Amino acid sequence: MLDDLAPLLPSDVITMVVDHLREHHASLKACSLVCRAWAHPSQIHLFRTLSCGPEGEYKHTLPDVLEYLSTHPHIALLVRRFMVAPGFLKSATSPRVSVE
């Protein structure tokens with residue numbers, strides 16, 4: 001239904017709106033669900049940075065994120081930074097990853 005309305009807004013207007021919300025993660029998630037025209041501009045910000053660190057501090061496990069990215073290659077192309085928490089590689093616990 002909303003996809004029918006997408007052509008009413010030029011893509012550069014959608015991009016400007018989404019860019020304005022780049023620091024508001026919850027708003028970007030909502031924008032990504034509005035319609036197809038809003039999904040990609042929102043995902044650019046949602047998946048720009050991935051972080052990993054010790055278990056308990058991050059929401060997703062590293063294997064889960066790697067599996068997700070391998071099954072959604074268009075998302076993998078959006079990742080610009082992958083950050084590893086200090087001491088992460090020396091940690092005895094399993095790695096966890098969160099999308100910032």
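## Overall architecture

The secondary structure of the chain comprises 5 helices and 4 strands. The model is a predicted one. Read from the N terminus, the elements follow the order α-α-α-β-β-α-α-β-β.

The chain has 100 residues, of which 33% are buried. Among contacts with a separation of 6 or more, 71% are between residues 24 or more positions apart.

## Packing of α1 against α3

Helix α1 (residues 11-20) and α3 have axes that come within 9 Å of each other and cross at roughly 35 degrees. The crossing of α1 past α3 is right-handed.

On the α1 side, the contact is made by I14, V17, V18 and D19, while α3 contributes A37, W38, P41, S42 and H45. By character, the residues of this contact of α1 with α3 divide into 6 nonpolar, 2 polar and 1 charged.

## The aromatic pair

A search of the whole structure returns 1 aromatic pair. The partners are F47 and Y68, whose rings are 6.4 Å apart centre to centre, with 20 degrees between the planes. The pair is classed as stacked because planes under 30 degrees apart meet that criterion.

The pair links distant parts of the chain: F47 lies in the loop between α3 (36-46) and β1 (49-54), whereas Y68 belongs to helix α4 (residues 62-71), and the two are 21 residues apart. F47 has a relative accessibility of 15% and therefore counts as buried, the threshold being under 20%. Y68, with a relative accessible area of 34%, is partly exposed.

## Surroundings of I75

I75 is located in helix α5 (residues 73-76). Its relative accessibility is 1%, so I75 counts as buried. Leaving aside residues up to four places away in sequence, I75 touches Q43, F47, Y68 and L69. Both members of the aromatic pair, F47 and Y68, are thus found in the list of residues touched by I75.

The C-alpha atoms of I75 and F47 are separated by 7.0 Å, although these residues are 28 residues apart along the chain.

## R48 in the loop between α3 and β1

R48 is found in the loop between α3 and β1, the loop that also holds F47. R48 is partly exposed, at a relative accessible area of 34%.

When residues up to four places away in sequence are not counted, R48 touches L78, V79, R80 and R81. For one of these, R80, the C-alpha atom is separated from that of R48 by 5.2 Å, with the two residues 32 residues apart along the chain.

## Cysteines

The search of the whole structure for disulfides finds 0. C31 takes part in no disulfide, and the nearest cysteine sulfur, that of C35, is 9.9 Å away. C35 is likewise in no disulfide, its nearest cysteine sulfur being that of C31 at 9.9 Å. This separation does not qualify as a disulfide because the sulfur atoms would have to be within 2.5 Å.

C31 is buried, with a relative accessible area of 8%. C35 also counts as buried, at 7% relative accessibility.

Terms used:
Residues numbered from 1 in each chain as written. Predicted model: local features only at pLDDT ≥ 70, side-chain atom pairs only at ≥ 80, totals over all residues. Heavy atoms only, no water. Phe/Tyr/Trp six-rings, centres within 6.5 Å; stacked < 30°, edge-to-face > 60°. Buried < 20%, exposed > 50% of the residue type's maximum accessible area, 1.4 Å probe, protein only. Contact = heavy atoms within 4.5 Å. Axes fitted to C-alpha atoms, helices over the stretch in contact; angles between N-to-C directions. Left-handed = near helix turned anticlockwise from the far one by under 90°. Nonpolar A, V, L, I, M, F, W, Y, C, P; charged D, E, K, R; others polar.
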